[in-house]
Amino acid sequence: MKKSRIILAIAALAACSPQKPAAPPAPQPAPYELSVIPLPQNVQIDASQRFRPDTLTTIVIDAAADSSTASLGAYLQTLLSPIIRTAPVRLASGGSASANSIHLRLDPSVSGDEEYRLAVTPSNVVVSARTNAGLFYGIQTLRQLFPSSIEHRAAVGRRLWIPTGQITDSPRYEWRGMMIDVSRHFLPPRDIKRFIDNLALYKINRLHLHLADDQGWRIEIKSRPSLTAIGGSTQVGGGSGGFYTQDEYKDIVAHAASRYITVIPEIDMPGHTNAALASIPELNCDNVSPPLYTGIRVGFSALCVDSARIYPILEDIVREISAITPGPYFHIGGDEVTKLTHPQYLAFIERMQSIVNANGKRMIGWGEIAPANLSPATMVQHWKKDSSFLHAARGGRVILSPSAKLYLDMQYDTTTTLGLHWAGYVSVQTAYDWDPATFLSGVADTAIIGVEAPLWAESLIKVEDYEYLAFPRIIGVAEIGWTRQRNWDGFARRLQLQDERLKALGINAGR
Ligand code: TNX
């Protein structure tokens, strides 16, 4: 484990001669302070020299690069527009970066899947990585080295520069996620895409969408149209609800992929299923649909798991969603089931695992699923005291989402209006200042695939509400997932330096 190294050189101070009468002191350039979050692994910066892009700067990519690398060039160009006006230019293979260029270089000698290197001199910038994901993360670091005015694309007369130096960086965990509950209240696709763009800035790479719960069904299932026609028609408090058509969902997934974020769909079952039960009578043991539910109680609903007739319906759902989800995961929920016996519950989870696997996906479920007979390829998402250690013992991986640390719907403190506090109040420091490696006894660091912060939406309506609770705590979660050597004081200072950037992006951060 390499120790982070940050060398900050202050721009040379103006020399002053002792003989001359006291002249007013020349204004000192402010020392450059690194604000990058997540903190990169190895940083050497010399702010006495700078790289300044201008209208003659070109973005270059290797001739051998694929269309995704070309898209990254265009993405970087948009970030720097209108300063950089030219389209990305392809280099001949093996060509070296010319003066006044930003070179996105695919380099097979960089080892990690998400690793990147960044080298900045006064005349050019080279971002190298083995993968396009690595290049994308290098671009995010580059973006954060620029002043926050980089986020004001149309601002006239802004001065963009970065200090010279070298950064090498790779993540600690492969899973750095956020969950958005779109069931309790529905968020339209444009708001989800806005989240995706903002999460990508902090190198989050998983977006888990909680698409079905008691209060709403939010994804079109073509073979079972009543799920959205009925189940998608309302939400907590009785609003009009909403759902994603399959085309809208595909568009969200594609947008996420362009930001190197994998979408994980969740259909919560066998509990948290009132919207489905209300839509399809056959899912109920008495064949009678209950009314739609718009309150916020949990634990009252369950599928009729002993009835063979429910499984073709569940197969249709898993098949249709799997077909439009390129990522390898399908989340079946599995939390808070009080209406079934334990053997009924475990048999159901095992049966769902077969259905999910038959559709080519790895199953994920909340912590309660751990005692079932699970494949080691299945993943358990810890959220409260559970038996995750059983899954670690069989060689399975665990996603850490401890509610008292990472539940973004927990209020910051007693003055917070939005959110809940059943797991406690979660300050920015509480969310940040803990170590996944030692968090669960019986679950070693090697069993932990990473961290994910869920944002449940019982009390949230508009995207600003979601942002208020998510930011800035999600930025801390991003650093927990990425950075090996970190501490609260350093993070707190860099977070303060991010404030202007969050404002420039129009993010309604809560603290
Ligand atoms: C518990 S966490 C739930 C959700 C609620 C949340 C509210 C989990 C797996 N289940 O259904 O929305 O608490 O904080």
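User: At what angle do the axes of helix 1 and helix 2 cross?

Analyst: In this predicted model, the axes of helix 1 (residues 67–80) and helix 2 (residues 132–145) cross at roughly 10° and come within 10 Å.

User: Why are helix 1 and helix 2 called roughly parallel?

Analyst: Angles under 35 degrees count as roughly parallel. The crossing angle here is roughly 10°, and therefore helix 1 and helix 2 are roughly parallel to each other.

User: Which residues of helix 1 and helix 2 meet?

Analyst: Ser68, Thr69, Leu72, Tyr75, Leu76 and Leu79 are the residues on the helix 1 side. From helix 2 come Asn132, Leu135, Phe136, Ile139, Gln140, Leu142 and Arg143. This contact has eight nonpolar, four polar and one charged residues.

User: What makes helix 3 and helix 5 roughly parallel?

Analyst: The axes of helix 3 (residues 189–200) and helix 5 (residues 246–258) cross at roughly 10°. The cut-off for roughly parallel is under 35 degrees, and helix 3 and helix 5 are therefore given that description. Their axes come within 10 Å.

User: Which residues of helix 3 and helix 5 meet, and how do they divide by class?

Analyst: Pro189, Ile192, Lys193, Ile196 and Asp197 of helix 3 meet Glu248, Asp251, Ile252, His255 and Ala256 of helix 5. By class, five are nonpolar, one is polar and four are charged.

User: How do you know that Glu458 has a polar contact with the ligand?

Analyst: A polar contact needs a pair of N or O atoms within 3.5 Å. A polar side-chain atom of Glu458 lies 2.6 Å from an oxygen atom of the ligand, and that pair meets the cut-off. Of the ligand's 360 Å² exposed when taken alone, the protein buries 97%.

User: Which values put Asp335 and Glu336 in polar contact with a nitrogen atom of the ligand?

Analyst: For Asp335, the separation between a polar side-chain atom and a nitrogen atom of the ligand is 2.9 Å. For Glu336, an N or O atom in the side chain is 3.2 Å from a nitrogen atom of the ligand. Both values fall within 3.5 Å.

User: Which residues come nearest to the ligand, and what classes make up its shell?

Analyst: There are 13 residues around the ligand, and Arg184, Tyr407, Asp409, Trp422 and Glu458 come nearest. The shell divides into seven nonpolar, one polar and five charged residues.

User: Where are the cis peptide bonds at Pro38 and Pro472, and what are their omega values?

Analyst: One joins Ile37 and Pro38, with omega about -5°. Pro38 lies in the loop between strand 1 (6–9) and strand 2 (42–51). Another joins Phe471 and Pro472, with omega about 10°. The loop between helix 12 (463–470) and helix 13 (473–482) holds Pro472.

User: What is notable in the phi of Lys203?

Analyst: Phi of Lys203 is near 65°, which is positive in a residue other than glycine. Lys203 sits in the loop between helix 3 and strand 10 (206–213).

Notes. Residues are numbered from 1 along each chain as its sequence is written. This is a predicted model: local features need pLDDT of at least 70, side-chain atom pairs count only at pLDDT 80 or more; totals for chains, interfaces and linings use all residues. Side-chain values use heavy atoms; hydrogens and water are left out. A residue is near a molecule or strand if one of its heavy atoms lies within 4 Å of it. A polar contact is a pair of N or O atoms within 3.5 Å; within protein, one must be able to donate a hydrogen and the other to accept it, and residues adjacent in sequence count only if both atoms are side-chain atoms. Accessible areas come from the Shrake-Rupley method with a 1.4 Å probe; for residues, only the protein chains shown count as cover. Ala, Val, Leu, Ile, Met, Phe, Trp, Tyr, Cys and Pro count as nonpolar, Asp, Glu, Lys and Arg as charged, and the others, Gly among them, as polar. Axes are lines fitted to C-alpha atoms, for helices over the stretch in contact, and angles run from 0 to 180 degrees between N-to-C directions. Helices (H or I, at least four residues) and strands (E, at least two) are DSSP runs, numbered from the N terminus. Angles under 35 degrees count as roughly parallel, over 145 as roughly antiparallel, 65 to 115 as roughly perpendicular and the rest as oblique. Contact means heavy atoms within 4.5 Å.
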